[in-house]
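Please open the model in your viewer and keep the selection panel at hand, since this tour moves from one selection to the next. Begin with a surface display, and change to a cartoon when the second part is reached.

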Amino acid sequence: MPELPEVETTRKGIKPYLEKATILAVTIRQFSLRWPIDEHLADILTGQQIQRVGRRAKYLLITCDNGTLMIHLGMSGSLRVLDSVERSQPGKHDHIDIEIDNGHLLRYTDPRRFGAILWTSEPIKNHRLLSHLGPEPLLKYFDADYLWQQAQTKRCSVKTLIMNGHVVVGVGNIYANESLFLARIHPKTTANTLSLTQCEALTEQIKSVLGKAIKAGGTTLKDFTKSDGKPGYFAQHLHVYGRKGEDCFYCKSKIQHYKETQRATYYCPLCQPISI
Ligand SMILES: [Zn+2]
């Protein structure tokens, strides 16, 4: 599933081709995604200039003259920018093509069709899918004080806390596991028992882990138009995720594993002691 770093890498990859380009034509081969695509979308988009390619949580926001195209990659979606040579023969899962006036074409591919393509002419901040979301993890507002305040009223585990999009967006399962290890916090720690110092370590590590993943994705950007749209995001070194029974790199304890809300959870029993 594309996580926040993949979406941010995609944004950076498509942005230089799209901004200030005018949409010439839109071909929609499949209207049935997570939600049905607006049957008038092609007419709405054609002729508009793309002003900005932004992101909020895992939504790509393509701001045009008269509104915003919101794209969510769902479970298996990807976007590629194709030049005139590559654009022939769309495959079975190439559902949408947006042709722009600089010779390029933006293609949306999604085998499992859990993604979403939505148009809104309302202020984007007020959109029902975005208005309730917590802060972006990489922005200043997401800091120790904020996280500690949020934690005070919650009796869930710290892992559930940081994966809750109302608290902070974009901390997927791999990143939650890794951040908790690096902050030396047991994933089962009850949210309202976290100290301000722990919140400081945790916010710092969340920013660091996500930042590194975005940087790793960024190294593939120069090939964005040629690749399969799936750069190697997880090239970064994983400390606990997927390492059940293996030695901790720091203390040699065996990495432990359990499932929490159906999500694989990994931790080192020595580096991440459970607090009482
Ligand atoms: Zn350890």
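In this predicted model, start with the largest pocket, whose volume comes to about 590 Å³. Select Met1, Lys58, His72, Gly170 and Arg263, which, of the 25 residues that line this pocket, are the closest to its centre. If you then colour the lining by class, you will find 13 nonpolar, eight polar and four charged residues. Colouring by domain is also useful here, for the lining takes at least three residues from domain 1 (4-126) and at least three from domain 2 (144-267).

Now change to the cartoon and turn to the sheet. Select its four strands, which form an open sheet in the order β1-β6-β7-β5, with antiparallel pairing. At the edges stand β1 (23-28) and β5 (78-82), and each has a single partner strand, so one side of each is left without a neighbour in the sheet. Looking across this sheet, you may note that neighbouring strands are turned against each other by 15° on average, direction ignored.

Which strand should be selected together with β1 to see antiparallel pairing over five bridges? It is β6, residues 94-100, and within this strand isoleucine 100 is the bridge partner of isoleucine 23.

Finally, add helix α1 (residues 4-18), which packs on the sheet and touches β5, β6 and β7 (105-109). With the helix and β5 displayed together, their directions can be compared, and the angle between them is about 30°.

Terms used:
Residues numbered from 1 in each chain as written. Predicted model: local features only at pLDDT ≥ 70, side-chain atom pairs only at ≥ 80, totals over all residues. Heavy atoms only, no water. 1 Å grid on protein atoms, 1.4 Å probe; cavity = no way out; pocket = protein on both sides within 12 Å on 5 of 7 lines; lining within 4 Å. Points joined across faces, edges and corners; volume = space filled by probe spheres on them. Nonpolar A, V, L, I, M, F, W, Y, C, P; charged D, E, K, R; others polar. Domains from an automatic or database assignment. Pairing = 2+ DSSP bridges. Helix = DSSP H or I, 4+ residues; strand = E, 2+ residues; numbered from the N terminus. Axes fitted to C-alpha atoms, helices over the stretch in contact; angles between N-to-C directions. Contact = heavy atoms within 4.5 Å.
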